[in-house]
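Student: I would like to take a close look at a single part of this structure, with attention to charged side chains and their surroundings. Please treat the matter in one connected account.

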Amino acid sequence: MASSSFLQMMMLVLFIIAFGTTKSGVVVNAQTSPPIAPGLSLIFHETNCPNLETIIRNRLWTIFNSDIAQAAGLLRLHFHDCFVQGCDGSVLLDGSASGPSEKNAPPNLSLKAEAFRIIEDLRVRVHAACGRIVSCSDIVAIAARDSVFLSGGPYYRVPLGRRDGLNFATQNATLQNLPPPSANASVLISALATLNLTATDLVALSGGHTIGIGSCGSFEDRLYPTQDTTMDQTFARNLKQTCPALNATNTTVLDIRTPNVFDNRYYVDLMNRQGLFTSDQDLYTDSRTRPIVTSYAVNQSLFFERFVFSMIKMGQLSVLTGSQGEIRSNCSARNPASSSSYLSSVVDIDQGQQEAVEGESAAF
C-alpha cells in the first residue's frame with residue numbers, strides 16, 4: 001500500500017504539472033537552461049509521440065510508489081551513460097564478440113540491475129504507443145528527470161532527439177571517464193573539465209547524491225586502517241558498525257538526513273563532515289568548491305536552479321542526432337543489420353533552437 005507521504009508528494013506533482021509554480025518552487029524556468037545542442041529540441045516528439053513523457057512518468061510513479069530507491073538507480077544510469085562517450089545509451093548495451101560492454105566495467109558493476117530492466121520496460125511501452133521513433137538514450141534522460149522530480153526535486157524540460165550509439169566504449173575508456181569515489185576535488189575538476197563542465201557543474205551534479213546508497217568498498221579507505229581526519233567522529237563510528245572491517249559488503253545511504261528525498265541536505269552533510277565518499281567530502285574541504293557547497297546548503301532554490309542547468313548541460317554531451325546512430329528496438333542490443341537504417345518519418349524541430357554489490361562505485 002502506498003505511504004501517505006508518497007501520495008501527498010504525488011498530489012503535489014500533479015498540481016505542479018498542471019499549474020506550475022514560481023521559480024522559487026520546484027519548477028525551474030527555461031531562462032536558467034544552457035543552450036540546446038543542434039539536433040535536439042524541447043518539442044522533438046510533441047507531434048509524433050505526444051504522450052511520451054506521460055507514459056514514462058506514470059510508469060515510474062507506480063514503480064517508485066513500491067520502491068523509491070529505484071529513483072537513484074535511474075538517475076545514476078544517466079550520469080554513467082553521458083560521462084562515457086556521450087549520452088548515446090551505450091551503457092545499456094550488452095557485451096559482444098568484440099569485448100565486454102561498458103556495463104561490465106568495474107565502475108558500472110554496481111549500477112542497479114533493475115534500472116536496466118526499467119528502461120527496457122519503458123521502451124516497450126513507448127514504442128507500443130508511438131512506434132520505434134524514441135531512442136533509449138532519450139528515455140534514459142526523461143527517466144532521470146522524473147526520478148529527480150518524483151523524489152521531491154525540481155521539474156525541468158528535457159531537450160530530446162538523441163539517437164542511440166552503435167558501439168559501447170572500451171573498458172579502459174569507461175574507467176578513464178568515471179572517476180572513483182576516492183577521487184579528490186582536484187581530480188574531479190580536471191576530469192569534468194575535459195567534458196566542458198565547470199567546478200560549479202561538479203558541485204551541482206554531485207548533489208545527485210542526496211538520494212541513493214553506497215557500498216562499504218566505496219569508502220572503507222576512509223575508515224581503515226586509519227580514519228579520515230575530515231570525517232565526523234560520530235558519523236565514522238556509525239559507519240564502522242555498518243562496515244566492521246575491510247571487504248564488508250553492506251551498504252548505507254549517501255545522505256543521512258533525508259536519504260529518499262531530493263533536496264539540499266547532502267550539502268548540509270558535507271558542512272557537518274558527514275559526506276560518505278572522499279569525492280563528496282573533499283568538495284567542502286577544497287577552497288575552490290567550498291563556497292559553492294555552502295551556497296547550496298543554505299539555499300535549496302539556488303541548488304535546484306544550478307542542478308537543472310548542469311543536468312541539461314551534461315545531458316547533451318556528444319549526443320548523436322539526425323541520421324547518426326539508430327533508434328534501438330531493444331535497449332541492450334544494436335538493431336539487426338536489416339533494420340539499422342530505420343529512420344522516423346516524422347521529426348519535429350523547434351525552429352527557435354538548433355551487479356556486484358549495489359551502491360556507488362564511481363564518484364557519480
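In which loop is Arg132 found, and what surrounds the charged residues of the helices that flank this loop?

Tutor: The model is predicted, and the account that follows should be read accordingly. Arg132 is found in the loop that runs between α4 (113–130) and α5 (136–149). Arg132 is buried and yet has no salt bridge. The nearest side chain of opposite charge belongs to Glu326, 6.3 Å away, and a salt bridge requires a side-chain nitrogen within 4 Å of a carboxyl oxygen. The side chain of Arg132 does, however, reach the backbone oxygen of Ile327, at 2.8 Å.

The flanking helices provide charged residues that are paired. Side chains of opposite charge can pair when their charged atoms come close. In α4, Asp121 forms a salt bridge with Arg125, with the closest N and O atoms 3.0 Å apart. Both residues lie in that helix, 4 residues apart, which is about one turn. An α-helix has 3.6 residues a turn, so residues three or four places apart point the same way. Asp121 is partly exposed, at a relative accessible area of 23%, and Arg125 is likewise partly exposed, at 37%.

On the other side of the loop, the side chain of Asp146 meets that of Arg57 in a salt bridge, at 3.5 Å from N to O. This pair links distant parts of the chain, since Asp146 belongs to helix α5 and Arg57 to helix α2 (residues 52–66), 89 residues apart. Asp146 is buried, with a relative accessible area of 0%, and Arg57 counts as buried at 8%.

A further salt bridge joins the side chains of Asp228 and Arg222, at 3.0 Å from N to O. Arg222 is buried, its relative accessible area being 2%. Returning to the pair of Asp146 and Arg57, salt bridges that share partners join Glu53, Arg57, Arg145 and Asp146 into one network. The count of salt bridges comes to 14.

A polar side chain also appears at the end of another helix. Asp232 caps the N-terminal end of α9, where a side-chain oxygen lies 3.3 Å from the backbone nitrogen of Thr234. Within α9 (residues 233–242), Phe235, Ala236 and Leu239 are buried. These three cover an arc of only 95° around the axis, and therefore lie on the same side of α9. What covers the buried residues of α9 includes β2 (251–253).

Technical notes
Residues are numbered from 1 along each chain as its sequence is written. This is a predicted model: local features need pLDDT of at least 70, side-chain atom pairs count only at pLDDT 80 or more; totals for chains, interfaces and linings use all residues. Side-chain values use heavy atoms; hydrogens and water are left out. Helices (H or I, at least four residues) and strands (E, at least two) are DSSP runs, numbered from the N terminus. Buried means under 20% relative accessible area, exposed over 50%, partly exposed in between (1.4 Å probe, protein chains only). Lys and Arg count as positive and Asp and Glu as negative; His and the chain ends are not counted. A polar contact is a pair of N or O atoms within 3.5 Å; within protein, one must be able to donate a hydrogen and the other to accept it, and residues adjacent in sequence count only if both atoms are side-chain atoms. The arc is that of the directions from the helix axis to the C-beta atoms. Contact means heavy atoms within 4.5 Å.
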